[in-house]
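Good morning, everyone. Please bring up the model on your screens, and we will walk through it together.

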Amino acid sequence: MMFVLHPGVSEKKINEFTQKFEKMGFTPMISSGTERTVVGLVGNTKILDVDDIVENNDIVSYGKRITEPYKLASRAFHPDDTMVMVGEKIVGNKIAGNQTVGNNKGGNKIVGNQIFGEGIFQVISGPCSVESEDQIIKVARAVKLSGATLLRGGAYKPRSSPYSFQGLEMDGLKLLSIAKQETGLPIVSELTNISQLDDFEDVDVIQIGARNMQNYDLLKEIGKIKKPILLKRGLCNTIEEFLMSAEYIMAGGNENVILCERGMRTIETMTRNTLDISAVPLLKKISHLPIIIDPSHAAGIRSLVAPLSKAAIAAGADGLMIETHNDPANALCDGAQSLDLAQFDNLMFEVKRRVEFEGKILGT
Ligand code: PEP
Ligand code: MN
């Protein structure tokens with residue numbers, strides 16, 4: 001159930017209103033938009049009469065039951081698009097300014113702040129797995145020059161076979177940090193187990209991979225932190241299940257969720273997965289969270305990455321995550337779908353034109 005308040009209602013009045021429901025065992029969620037404040041009630045709201053509440057509380061403009069099982073992720077609860085800030089240190093609810101990273105070749109470098117949503121288009125790029133310092137630095141420098149705004153790299157890899165390369169783990173995260181210092185690009189890496197969380201201190205966006213989308217214990221734990229979460233859609237999950245997983249994170253208090261459609265299992269065998277492009281406009285309609293596309297895992301084939309990226313822009317996505325490698329033929333993971341650095345540079349030229357055509361701004 002949610003209530004839209006009249007404009008300009010004082011904080012004191014809002015607190016009085018929410019405390020009434022807290023005493024009754026509900027969890028009130030306050031969303032302060034640019035024009036209006038919305039109070040959502042989580043709990044068994046069947047016992048409440050929405051019309052009575054509107055009638056008896058003069059701060060309330062109108063109230064509505066949210067019938068969808070996802071509440072906090074629903075656009076009904078949060079009519080404005082959510083903006084997720086990356087590269088900022090969040091202290092409580094306040095932003096403490098730019099993060100300064102270690103000294104490298106004289107002078108501290110500032111990690112670029114990036115915003116997901118709000119008409120800004122972000123491109124995350126980098127290898128499937130961090131393999132060596134030489135590899136990650138080469139890729140980081142090149143993708144930055146081409147216009148990528150965040151660097152990705154897997155350190156803990158969820159592989160189908162226990163005999164495949166499992167990632168460099170903590171050493172991989174350290175190499176990502178070096179690449180971050182070197183380029184100023186915020187870093188994105190996948191967390192597969194909550195026990196790794198301390199190692200992710202310097203990681204700016206925590207990726208929850210497709211295989212862990214329904215690992216509810218993990219989702220609950222990352223809901224307790226404030227760091228942005230890149231939540232990938234599961235291999236065989238519906239959009240409703242996808243939003244319910246976002247809901248797990250948000251219900252814990254972490255509203256910094258970026259959704260990622262990465263293709264799903266269908267009858268088709270010629271591509272690794274089938275990109276569900278309709279997920280983009282649909283999710284935009286029913287949710288306020290930013291949504292990006294990963295064309296690399298969707299296709300599994302390098303030559304399809306550019307056309308799917310263009311489709312993502314046209315469909316209204318807020319960004320792309322593209323796998324790149326300095327030597328894809330010898331990549332330890334996902335080489336067949338990785339663009340080499342020149343191919344990525346060419347694609348970025350096309351991305352820039354199309355993002356502009358859509359009236360959006362490319363992150364810088
Ligand atoms: C990845 O991003 O490298 C990855 C493993 O993705 P997914 O979870 O979508 O398979
Ligand atoms: Mn991969």
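Let me begin with a term. On a 1 Å grid over the protein atoms alone, a cavity is a set of points where a 1.4 Å probe fits but cannot get out, and lining residues have an atom within 4 Å of a point. Grid points are joined across faces, edges and corners, and a volume is the space filled by probe spheres set on the points.

Next, the ground rules. This is a predicted model, where local features need pLDDT of at least 70, side-chain atom pairs count only at pLDDT 80 or more, and totals for chains, interfaces and linings use all residues. Residues are numbered from 1 along each chain as its sequence is written, chains are lettered from A and ligands numbered from 1 in the order in which they are written, and side-chain values use heavy atoms, with hydrogens and water left out.

Back to the cavities. How many cavities of 30 Å³ or more does the structure hold? There are 2. The largest has about 40 Å³ of space. Its lining is S31, G33, R36, V38, H78, P79 and D80. By class, that lining has 2 nonpolar, 3 polar and 2 charged residues. Here is how the classes work: Ala, Val, Leu, Ile, Met, Phe, Trp, Tyr, Cys and Pro count as nonpolar, Asp, Glu, Lys and Arg as charged, and the others, Gly among them, as polar.

The second largest cavity has about 30 Å³. Around it sit M1, G40, L41, V42, I66, K71, L72 and F77. This lining divides into 6 nonpolar, 1 polar and 1 charged.

Now the metal. Which residues are the protein donors of the manganese ion, ligand 2? They are C128 through SG, H297 through NE2, E323 through OE and D334 through OD, at 2.0 to 2.4 Å from the ion. A donor is an N, O or S atom within 2.8 Å of the metal (3.2 Å for Na, K and Ca); water is not among the atoms, so sites may look incomplete. Along the chain, the donor spacing reads C-x168-H-x25-E-x10-D. E323 lies in strand β18, residues 319-323, and D334 in the loop between β18 and α10 (341-357), so this pair ties together parts 11 residues apart in sequence. Helices (H or I, at least four residues) and strands (E, at least two) are DSSP runs, numbered from the N terminus.

Stay with D334. Is it buried or exposed? D334 is buried, because its relative accessible area is 19%. The cut-offs are under 20% for buried, over 50% for exposed, and partly exposed in between, with a 1.4 Å probe and protein chains only. E323 is buried as well. D334 also has a positive phi, near 55 degrees, in a residue other than glycine. E118 is another non-glycine residue with positive phi, near 60 degrees. You will find E118 in the loop between β10 (114-116) and β11 (120-126).

On to cysteines. The structure holds 0 disulfides, a disulfide being a pair of cysteine sulfur atoms within 2.5 Å. C333 is in none; its nearest cysteine sulfur belongs to C128, 3.1 Å away. C333 has 5% relative accessibility, so it counts as buried. C128 is buried too, at 2%.

Then the aromatic rings. Rings of Phe, Tyr and Trp (its six-membered ring) pair if their centres lie within 6.5 Å; planes under 30 degrees apart count as stacked, over 60 as edge-to-face and the rest as tilted. The whole structure gives 5 such pairs. Take Y156 and F200: their centres are 6.1 Å apart and their planes at 25 degrees, so the pair is stacked. Y156 sits in the loop between β12 (150-152) and α4 (170-183), F200 in the loop between β13 (187-190) and β14 (205-208), 44 residues apart. Both Y156 and F200 are buried.

Y216 and Y248 are stacked too, 4.5 Å centre to centre with 25 degrees between the planes. Y216 is in helix α5 (216-222) and Y248 in helix α6 (239-251), 32 residues apart. Y216 is at 31% relative accessibility, so it counts as partly exposed. Y248 is also partly exposed, at 31%. Elsewhere, ring pairs link F3, F17 and F21 into a cluster.

Last stop: I267. This residue is in the loop between β16 (257-261) and α7 (279-286). At 86% relative accessibility, I267 is exposed. Its C-alpha atom is 44 Å from that of F3, and the two are 264 residues apart along the chain.

Key. On a 1 Å grid over the protein atoms alone, a cavity is a set of points where a 1.4 Å probe fits but cannot get out, and a pocket is an open set with protein on both sides within 12 Å along at least five of seven lines; lining residues have an atom within 4 Å of a point.
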